[in-house]
Amino acid sequence: ILLSLFFGAAALAASRVSGGTLPRALALALAFGVFEWLRGHVLSGFPWNLPGYGWTGSAALAQSAALFGMYGVTLLAVLSASLPAAAIEKSGRRRALAFGLAIAVPLAAWTGGAIRLAGASPARTNTVDGVGLRLVQPNIPQREKWTRSLLRRNFDLFRTLSIADRPAWITHVIWPETAATFDLSRLEPARASAAAIVPPGGLLLTGSPRRADDPPRVWNSLIALDASARVVGIFDKFHLVPFGEFMPFRSILPFDKITPGALDFSAGPGPQTLRLPGLPPVSPLICYEVIFPGETVDPNSRPAWLLNLTNDAWYGMTAGPHQHLAIARIRAIEEGVPLVRSANTGITAVFDAYGREVARLGLGVQGVLDIQLPKAVGETLYSRYGDFVFLALIFGFVLPILLLAKHYSGTEKHFKDWQFA
């Protein structure tokens, strides 16, 4: 209900524009762009399924995210979809202009994306030398994941999948969000057991809760272990799920968060680039942190790849995991770096820096993915300037709306004066 207010506000704002269907179509695109940006930021934000994701079924159209980011793509997608409403205009010239723009906007985006893809190296060929990743997907149901009597069984399953038939070229093993359902950094026997599966000279990167005692705090974290069971890197989730990982307005709301444990999770400091032995610099993202355009990397320390650890078992066999994966893919295009995604029940997948799928394990499948890490392609316009590109689009729409509204109002007044005469 709360999220629907953003859609309603966008429609209301567009309805206040007078002067004909064409300026209103422009105003609707502008309003949706602005209010979808607000939906992604107000009260921590929730930019799930922005309208612009409707363009991402086409690999060429999806490349426009490298220029405009998903908020900008949303503005352009809504513009193209709303312009045909100008068919009710009396003027044939205005109808032609509206239909021409409705076709030209996605066509120009598709053409630019096709050219970008044509200049790219073939998928799966441009990889980082000496980096082989094993992604583990245990497919543990949510109802069993936190059951105390099954913790040892679940942990042993991760270890077994990590070493079974593993090629010699694998250098690093990756487990999903909260693969360890206890603080692996503090339990030395468990840490030693996990370290036993680490390839020589490599690392294990795993999700794990992390705790502090004074004062009591808990984080949803990624922990990197080497073969000697030493913790060589830590990342704490910074975008927490309201009502799931923490209770907003706890002092006035009379119920607890829906995840296990009485304690709210604490937020990490923000996007962070980890520099780990044997790996290019990486920006970790835990669960739904990956849905936030422009908030996935440290702008002062650019990574060479994104690593998304997630547990989508909450969704079950629904559209949720597929939507989450489609959203995650666009972050690779926006930032010009590959994205590696490790999920508990699926969908585990790897995308190159153009958003092309390298490999995947389907939903509800137990297994592993062995892949070579794709290379980054360098900064994109959006990765360099972020939402300033979107802001430029916004200001680019304001003047045409004002001019068209004024022109249409003048035309209508002239027509009424002529009729009166």
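In this predicted model, His239 contacts Ser44, Glu245, Tyr288, Glu289, Phe292 and Glu295, leaving aside neighbours within four places in sequence. The residue sits in the loop between strand 5 and strand 6. Its relative accessible area is 11%, so His239 counts as buried, the cut-off being under 20%. One of its contacts is polar: the side chains of His239 and Glu295 are joined at 2.9 Å.

Two of the residues that touch His239, Tyr288 and Phe292, also pair with each other through their rings. The geometry is edge-to-face, with 5.3 Å between the centres and 85 degrees between the planes. Tyr288 and Phe292 are both buried. They belong to one aromatic cluster together with Phe46, Trp48 and Tyr315. In total, the structure holds 10 aromatic pairs.

A second buried polar residue was examined in another loop. Asp183 lies between strand 2 (172-174) and helix 8 (188-195). With a relative accessible area of 7%, Asp183 falls under the 20% cut-off and is therefore buried. Its side chain has a polar contact of 2.5 Å with the side chain of Ser185. A polar atom of the Asp183 side chain also lies 2.9 Å from the backbone nitrogen of Arg211. Beyond four places in sequence, Asp183 is in contact with Ser208, Pro209, Arg210, Arg211 and Ile223. Arg210 is 27 residues away from Asp183 along the chain, yet their C-alpha atoms are separated by 4.9 Å.

The chain as a whole contains 11 helices and 11 strands. Of its 421 residues, 52% count as buried. Contacts between residues at least 6 apart in sequence were also examined; 68% of them join residues at least 24 apart.

Strands 1 to 5 and strand 11 build an open sheet of 6 strands, in the order 5-4-3-2-1-11. Its pairing is mixed. Strand 5 (231-236) and strand 11 (367-374) each have a single partner strand, so one side of each is left without a neighbour in the sheet. From one strand to the next, the twist averages 35 degrees. Within this sheet, strand 1 (residues 127-137) pairs with strand 2 in the parallel sense over 3 bridges. Arg134 stands opposite Val173 of strand 2. Helix 7 (residues 151-163) lies across strand 1, strand 2 and strand 11. Helix 7 runs at about 145 degrees to strand 1.

Strands 6 to 10 make up another open sheet, of 5 strands, in the order 6-7-8-9-10. Here too the pairing is mixed. The edges are strand 6 (282-286) and strand 10 (357-361), each pairing on one side only. Direction ignored, neighbouring strands of this sheet are turned by 10 degrees against each other on average. Strand 9 (residues 348-351) and strand 10 pair in the antiparallel sense, over 4 bridges. Among the bridge partners, Thr348 is matched with Leu361 in strand 10. Helix 9 (residues 320-335) packs on the sheet and touches strand 7 (305-310), strand 8 (339-343), strand 9 and strand 10. The direction of helix 9 makes about 155 degrees with that of strand 8.

The nonpolar interior was then considered. In soluble globular proteins, nonpolar side chains tend to be buried together. The largest nonpolar core of this model has 80 residues. Leu133, Ile174, Trp305, Leu307 and Val340 have the most contacts inside it. Helix 4 (residues 65-82) supplies the largest share of this core, 10 residues. Val340 illustrates the packing. Leaving aside neighbours within four places in sequence, Val340 is in contact with Leu133, Leu135, Ile174, Trp305, Leu306, Leu307, Asn308, Ala349, Val350 and Leu373. Apart from the largest core lies another core, of 18 residues, including Ile140, Trp175, Ala180 and Ala194.

Definitions and conventions: Residues are numbered from 1 along each chain as its sequence is written. This is a predicted model: local features need pLDDT of at least 70, side-chain atom pairs count only at pLDDT 80 or more; totals for chains, interfaces and linings use all residues. Side-chain values use heavy atoms; hydrogens and water are left out. Two strands pair if DSSP finds at least two bridges between them. Helices (H or I, at least four residues) and strands (E, at least two) are DSSP runs, numbered from the N terminus. Axes are lines fitted to C-alpha atoms, for helices over the stretch in contact, and angles run from 0 to 180 degrees between N-to-C directions. Contact means heavy atoms within 4.5 Å. A nonpolar core is a set of buried Ala, Val, Leu, Ile, Met, Phe, Trp, Tyr and Cys residues joined through side-chain atoms within 4.5 Å. Buried means under 20% relative accessible area, exposed over 50%, partly exposed in between (1.4 Å probe, protein chains only). A polar contact is a pair of N or O atoms within 3.5 Å; within protein, one must be able to donate a hydrogen and the other to accept it, and residues adjacent in sequence count only if both atoms are side-chain atoms. Rings of Phe, Tyr and Trp (its six-membered ring) pair if their centres lie within 6.5 Å; planes under 30 degrees apart count as stacked, over 60 as edge-to-face and the rest as tilted.
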